[in-house]
Amino acid sequence: MHETNPQPTIMNDKYDPASIEAKWQARWAEAGTFEVTPDPSRPKFTVVEMLAYTSGRLHMGHVENYSIGDALAWYKRLRGFNVFHPFGWDAFGQPAEEAAIKHGMAPEVFTSQSIAKMKRQLERLGIGYDWTSEIATCEPEYYRWNQWFFIEMFKRGLIYRKFGPLNWCPREEIVLSNEQAENGRCWRCNTEVVQKEKEQWFARITEYADQLLNDMEQIEDGWPDGILTSQRDWIGRSTGADVTFALEGLAESITVFTTRIDTIFGVTAIMLAPEHPLVSSLVARSSDRDNVEALVASMRNEKRSSREIDQLAKRGVATGTFALNPFSGERVPIWIANYVLMEYGTGAVMSVPGHDERDFEFAAAFNLPVRRVIVPEGVDPASLPTEVENATSGEGVLCNSNDFNGMATADARASLVARAEKEGFGTGRVRFRLRDWTITRQRYWGTPVPMVHCKTCGVVPVPEDQLPVILPHGVAITGERGSPLDHVESYVATDCPACGNPARRDTDTMDTFVDSSWYFYRYCDPHNASKPFDSEKIAYWFPIDQYVGGKEHANMHLIYCRFWAKFMRDIGLVTHDEPVQRLLNQGMVCMFSEEKGEIRKMSKSVGNVVEPDDMFDRFGADATRLYVLFASPPEKDMIWEVKKSAAGVQEYPGIEGAFRYLARVWRLVVRWQSSIIGAGNPSGDLTDAQRAVRRKTHQTVRRATDAFEDRFRLNTVVAALMELTNSLYEFSESASEPDANDRAVVAEAISALTRMIAPFSPHIASELWELTGNAGPLSESSWPESDADLAREDSVEIPVQVNGKLRTRIFVAPDASRDALESAALSDERIRSLVEGQSIAKVVVVPGRLVNVVIK
């Protein structure tokens, strides 16, 4: 069904956004304006904003995010693209469980109500989504395919179980997320959180580490540099060596990974992460066991991540056990230290305080020896002081390193690895900082893990014809004693799919990042009951041309979705390597606090939230959209303007300005409506004023088009539209009795202005398009074209200097040659008077920019 335009009616002088927006939202819904299907005859454009969490209401961050995506969708649609702009709901997760505990409301009820409310707000905002592609990740028809993917990965060895540390509340007897264990205490009962080892499900994402790094070449032109850098750091490819240190008097050994084997003669200790597998046995041998155990437990419960480790005060404890340096045979003490992470390398490092800053800090704190084993090239080690005052990590030449003395560090690394490999205590190795993904959680509101535990057969996948494993409803969620599913016997008790004997279902649910790792593919085929999606539809719509979302997702969602795409490629579902060609990270919405004199993120917890519905009621959705897109470039934080009047009333000057601008455009069209309907093209000789209007129109089209194409400088587009509107007002004041060419140039300008406003404020644009007598709906029209000849200025102003000082300005043709510019400058009366009687050394001409006359 297509929209049809009725005969234009006479416009009301007053701009009424409420009635206009309601009218067009109803018409778009009835006509299915934004619904699309694959059409190989047209170029496609897929634009997706990151999946919305069902928090219960939109905030201004949502409004900005979705307005950016819709502006681009409108622009590309008017450019002739077949635009797919879908939407869905990230409907599983912890907050719904917390709401259920707090309010006694079932998560599915909370989620359903949240979706309904947020969808109404989105429809009121006028975002042009194809709602026929809507998904909600909590629906069995969606999460059935989460389970299918889980089993397919399990079959290929990419899903496995192992023990790993979790945040554990000993009082409530439940696993906590990092958010629930903030500051080391349980969010519910304030009990100190401890680390507990529990068998968990992992996805072997490390299998794709090299591809995740190497395939960045395919997206580096379309993704922000900061995101790519962050992902490279997160994946953390390091080339080095594994070196094994035997333990003195024991059968065990410790393998360390080092990128600087050239410093191995400077090792003065071995440092273990508190979670290292050997820690328990080493602590058990300690003569001060109780004290060491307490210190280790304390370190395990610290908040320690790769980003926080450098800020931690260095803590550690000696185990009393020694290791033997395989190159020198030297005894070195084994310590347990809080700055060593189990997730990097092997969880054990060789401490070289002379050449590593963190090791140096630890050595200084615990009085460990520091040894220099590298000096700058050309420096005699004997000339340096015996005491090492700070760590040096650069390249150089080895010293104090036995028969490797005098070797350049790069050569020494190769030789040392060769020696280790020959003698069997080491090997060259590439390792990654990236760790396998803990893919499940001990919570209720998530995709059930489709696995069965049988005493006879072990862990067995649920057969495909029994999927989905439905999450039971009516489950008591108290936040106590483990996962809520543990206590639902009717869910847990089942039969083994392999042998038929009594068995038990796995009670973990999947991490919600599973839901968001592939959701955008399901948009293309949301109700397919036989497979995740039709690959032919994916081949048309993918990769995503533009993805919009926050930069906080750089190292989780945006890595997981890339991993998932590669797995789907390997099993033949898709043919591309990367799911997203271009990525835009929008900035945050902030507010200036007059009380505190600072800018703060708009947040409910801070109490500075501006409700979108309030803004829609007062100013309209079009003005709200226009304001958030004009206030700053999309990738920058925007400051929501607010102030209190003398009477203490909250005022919003920024969005009020956006409303006034739209009202001004409305009045402009009211002024010209009857004159421009049916107006022809400009003809014959135009006046200077008429030519100026045409020139400004075509310059604005060019400027707006360039801004859209060049990283979506949307605020620049709005600024250009405002300038064009001002020019049209100035022209209107001088055209009290408009002739045919007056009407023609204004008709052309208003037609272009209306279409260029559409990406920002589509309701008023659609109304103006209809009321000015255009055939067919605005959504099926085309973006205006700029004519280079019409956009060219009749003349340009060029500054003229004498000996570098500005003396006058001349007006010349825009394409004036160097000779013409020099001649015009020297002919200028002011310049002639200044150079008269002087010797001209040279004339410097920068075409289109300046002329500088140099006199002796």
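## The second largest pocket

The lining of the second largest pocket is made up of 11 nonpolar, 12 polar and 8 charged residues. This is a predicted model, and the pocket in it has a volume of about 830 Å³. Altogether 31 residues line the second largest pocket. Nearest its centre lie Tyr 344, Val 349, Asp 356, Arg 358 and Arg 433.

Two helices, α7 (225–235) and α10 (357–366), each give two or more residues to this lining. The strands β10 (253–258) and β14 (348–351) do so as well.

## The chain as a whole

The chain contains 25 helices and 35 strands. Its C-alpha trace spans about 105 × 85 × 60 Å along the principal axes. Of the 856 residues in the chain, 52% are buried.

Contacts can also be sorted by how far apart the partners are in sequence. Among contacts between residues at least 6 apart, 72% join residues that are at least 24 apart.

## Nonpolar cores

The largest nonpolar core has 181 residues. Inside this core, the residues with the most contacts are Tyr 519, Tyr 521, Tyr 547 and Trp 640. Helix α18, which runs over residues 653–676, gives the most to the core, with 11 residues. A second core is separate from the largest one and has 37 residues, including Val 267, Met 299, Val 352 and Val 373.

Which residues does Trp 640 touch, leaving aside those up to four places away in sequence? Among them are four methionines, Met 60, Met 591, Met 602 and Met 615. Trp 640 also touches Val 589, Val 610 and Val 628, together with Cys 590 and Ile 655. The remaining partners are Phe 592, Tyr 627 and Tyr 652.

## Helix α5

Helix α5 covers residues 140–155, which makes 16 residues. From its first C-alpha to its last, α5 reaches 22 Å, close to the 22 Å expected at 1.5 Å a residue. Just after α5, Gly 157 takes a positive phi of about 80°.

Is α5 mostly covered or mostly exposed? Helix α5 is mostly covered, with 12 of its 16 residues buried. The buried residues of α5 include the aromatic side chains of Tyr 142, Tyr 143, Trp 145, Trp 148, Phe 149 and Phe 150. Arg 144, Asn 146, Gln 147 and Glu 152 are buried too, as are Ile 151 and Met 153. In an α-helix there are 3.6 residues a turn, so residues three or four places apart point the same way.

Notes
Residues are numbered from 1 along each chain as its sequence is written. This is a predicted model: local features need pLDDT of at least 70, side-chain atom pairs count only at pLDDT 80 or more; totals for chains, interfaces and linings use all residues. Side-chain values use heavy atoms; hydrogens and water are left out. On a 1 Å grid over the protein atoms alone, a cavity is a set of points where a 1.4 Å probe fits but cannot get out, and a pocket is an open set with protein on both sides within 12 Å along at least five of seven lines; lining residues have an atom within 4 Å of a point. Grid points are joined across faces, edges and corners, and a volume is the space filled by probe spheres set on the points. Helices (H or I, at least four residues) and strands (E, at least two) are DSSP runs, numbered from the N terminus. Ala, Val, Leu, Ile, Met, Phe, Trp, Tyr, Cys and Pro count as nonpolar, Asp, Glu, Lys and Arg as charged, and the others, Gly among them, as polar. A nonpolar core is a set of buried Ala, Val, Leu, Ile, Met, Phe, Trp, Tyr and Cys residues joined through side-chain atoms within 4.5 Å. Buried means under 20% relative accessible area, exposed over 50%, partly exposed in between (1.4 Å probe, protein chains only). Contact means heavy atoms within 4.5 Å. The expected span of a helix is 1.5 Å times one less than its number of residues.
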